[in-house]
Amino acid sequence: MKMNNFSAGGRATAGVWMVVACGLALGSTMMGMRVEAQSSDAKAAAKTDGEVNQTIFLKNVTQQNDLGDIQTSLRNLLLKARVYEIPSQNAIAVHGSPEDVAQAEKLVAELDKPRASYRLTFTLTGAENSKNGAGQTFTLVAGSGEKTIFKKGGRVPIVTGHYDAETTTANSQVQYMDVGLTIEVTAVGVADGVGLKSKVEQSSVSEEKSGVGAQDPVFQQAVLEATTTVPLGKPMVLGSIGNPETGHKQEISVVAEQVK
């Protein structure tokens with residue numbers, strides 16, 4: 001009987017150990033799953049931490065608008081990357097994956113090109129009562145997309161003021177107005193040549209007297225504004241300006257040549 005009781009107790013003890021062993025095995029499996037999950041999280045974190053920062057310095061951009069245009073282009077093309085402009089350093093900062101940073105550097109290299117410059121030669125050919133007169137030639141260099149202004153002439157003083165009734169003295173001020181020739185141009189390189197937006201203005205003091213005051217001059221002015229495409233190396237007539245009272249007319253033409 002004792003042996004039977006002992007044997008039964010031994011079987012019971014063995015059963016307990018089997019349950020404990022199963023529990024330990026299950027616990028080890030759960031721990032393994034947790035370790036694997038933590039490993040996956042660590043890989044995901046490592047992938048996120050794999051993003052890099054890169055500062056790209058621009059060599060040819062000289063205007064704030066150009067820097068902003070490049071930043072906008074990168075933001076529109078690299079949707080997952082973060083792009084910031086640094087005006088004080090003339091640079092672009094990029095945060096993203098190594099692939100995004102490499103793509104940003106490639107795009108900046110394509111966009112950061114030196115501006116083309118153009119030599120513009122304007123010729124004003126005069127005609128007095130339809131008889132051809134001598135022409136005047138003026139040459140200026142304009143950077144692509146930048147306004148260039150040329151002036152030739154003088155400045156005429158204009159007296160302005162008011163009468164002080166209390167002191168019976170006249171307080172006057174003098175302002176000056178430019179007279180002569182003024183040429184304003186904005187040139188942009190296009191496939192067929194140069195896109196040219198130009199304004200040519202001729203002004204002078206008339207011999208006619210003002211009806212407002214004897215000291216007030218009367219100005220004559222003629223203005224030609226044109227927007228056109230000028231082929232490189234070929235003269236193009238922009239138009240003519242003239243004075244119908246005197247019959248004096250000037251035909252304006254321009255020749256564009258690329259400097260660099």
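**A tour of the sheet and the two cores**

Begin by selecting N53, which in this predicted model stands opposite H95 in β3. Extend the selection to the whole of β1 and to strand β3, residues 91-96, and you will see the two paired in the antiparallel sense over six bridges.

Next, pick helix α3, residues 98-111, which packs on the sheet and touches β1 and β3, its direction making about 5° with that of β1. Then turn to helix α2, residues 64-77, which lies across β2 and β3 and runs at about 175° to β2.

With the helices hidden, display the open sheet of three strands, where the order is β1-β3-β2 and the pairing is antiparallel. Its edge strands, β1 (52-57) and β2 (82-86), each pair on one side only, and neighbouring strands of the sheet are turned against each other by 20° on average, direction ignored.

Now move to the largest nonpolar core, which has 23 residues, and select L120, F122, V185, L196 and I252, the members with the most contacts inside it. Colouring by strand is useful here, since at least two residues of this core are supplied by each of β4 (117-128), β5 (131-143), β7 (169-190), β8 (193-205), β9 (219-230), β10 (236-243) and β11 (248-258).

Centre the view on L120 and, leaving aside its neighbours within four places in sequence, show the residues in contact with L120: F138, T139, L140, A142, V185, A187, L196, V254, V255 and A256. To finish, select I56, L67, L78 and V101, which are among the 15 residues of a second, separate core.

Key
Residues numbered from 1 in each chain as written. Predicted model: local features only at pLDDT ≥ 70, side-chain atom pairs only at ≥ 80, totals over all residues. Heavy atoms only, no water. Core = buried A, V, L, I, M, F, W, Y, C linked by side-chain atoms within 4.5 Å. Buried < 20%, exposed > 50% of the residue type's maximum accessible area, 1.4 Å probe, protein only. Helix = DSSP H or I, 4+ residues; strand = E, 2+ residues; numbered from the N terminus. Contact = heavy atoms within 4.5 Å. Pairing = 2+ DSSP bridges. Axes fitted to C-alpha atoms, helices over the stretch in contact; angles between N-to-C directions.
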